Amino acid sequence: MQDILGLLKTLRRPRLLTSAARAGVVQYDRAKLLPRILGDTCPRKSGQAALRLFNLEAELNDRRLRGSADYTPRRHVEVLIALMGEAQLLTPTPRR
């Protein structure tokens, strides 16, 4: 199985969704957004949160592709923001 960062690199979504998420990730606040998305059972570790968000995003994308009435782009962008934010927390920062 690929690691979560590898899985994220394989995501292909419409440009409008990803552009909106990239714009929102600069203000990503884990303490506010994760509980709103994942509820009271928010994982403390970024890897666990990212995996749950990845699965939720896949479900939202499936709804989008099917044209489901309960699909909302706002929710999809919100989940993508959180997913990108968690991925940034998982990415090692280079030392100077």
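L34 is found in helix α3, where helices (H or I, at least four residues) are DSSP runs numbered from the N terminus. L34 is buried, with a relative accessible area of 1%; buried means under 20% relative accessible area, exposed over 50%, and partly exposed in between (1.4 Å probe, protein chains only). The structure is a predicted model, in which local features need pLDDT of at least 70, side-chain atom pairs count only at pLDDT 80 or more, and totals for chains, interfaces and linings use all residues. Residues are numbered from 1 along each chain as its sequence is written, and side-chain values use heavy atoms, with hydrogens and water left out.

## The surroundings of L34

Leaving aside its neighbours within four places in sequence, L34 is in contact with Y28, G39, C42, A49, L53, A82 and E86, contact meaning heavy atoms within 4.5 Å. For one of these partners, A82, the C-alpha atoms of the pair are separated by 6.9 Å, although L34 and A82 are 48 residues apart along the chain.

Another partner of L34 is C42, which lies in the loop between α3 and α4. C42 is partly exposed, with a relative accessible area of 25%. Not counting residues up to four places away in sequence, C42 touches L34, P35 and R52. The C-alpha atoms of C42 and R52 are 9.4 Å apart in space, for a separation of 10 residues in sequence.

## The nonpolar core

L34 also belongs to the largest nonpolar core, which has 25 residues; Y28, L34, I37, L53, A82 and L83 touch the most other members. Such a core is a set of buried Ala, Val, Leu, Ile, Met, Phe, Trp, Tyr and Cys residues joined through side-chain atoms within 4.5 Å. Two or more residues of this core come from each of the elements α1 (4-9), α2 (15-25), α3 (30-38), α4 (46-66) and α5 (73-90). The most is given by α5, with seven residues. For L53, the residues touched are L34, I37, L38, V79, A82, L83 and E86, not counting those up to four places away in sequence.

## Helices α4 and α5

Helix α4 has 21 residues and reaches 30 Å from its first C-alpha to its last, close to the 30 Å expected at 1.5 Å a residue. The expected span of a helix is 1.5 Å times one less than its number of residues. In α4 the buried residues are S46, A49, A50, L53, F54, L56, E57, L60 and N61.

After α4 comes G67, whose phi is positive, near 70°. G67 is found in the loop between α4 and α5 and counts as exposed, at 59% relative accessibility. Between G67 and R13 the distance is 15 Å, C-alpha to C-alpha, with their positions 54 residues apart in sequence.

Helix α5 has 18 residues, which should span 26 Å at 1.5 Å a residue; its end C-alpha atoms are 25 Å apart, which agrees. Its buried residues are H76, V77, E78, V79, L80, I81, A82, L83, G85, E86 and A87. The table sets out three residues of this helix.

| Residue | Element | Relative accessible area | State |
|---|---|---|---|
| H76 | α5 | 0% | buried |
| E78 | α5 | 9% | buried |
| Q88 | α5 | 49% | partly exposed |

Not counting residues up to four places away in sequence, H76 touches R13, L17, E57, L60, N61, R64 and Y71. On the same basis of leaving aside neighbours within four places, E78 is in contact with L33, R36 and I37. Q88 and Q27 are 61 residues apart in sequence and 12 Å apart in space, C-alpha to C-alpha.

## The largest pocket

The largest pocket has a volume of about 340 Å³. On a 1 Å grid over the protein atoms alone, a pocket is an open set of points where a 1.4 Å probe fits, with protein on both sides within 12 Å along at least five of seven lines; lining residues have an atom within 4 Å of a point. Grid points are joined across faces, edges and corners, and the volume is the space filled by probe spheres set on the points.

Its lining consists of 14 residues, of which L8, K9, L11, M84 and A87 lie nearest the centre of the pocket. At least two lining residues come from each of α1, α2 and α5, and the largest share, five residues, comes from α5. The lining divides into seven nonpolar, three polar and four charged residues. Here Ala, Val, Leu, Ile, Met, Phe, Trp, Tyr, Cys and Pro count as nonpolar, Asp, Glu, Lys and Arg as charged, and the others, Gly among them, as polar.
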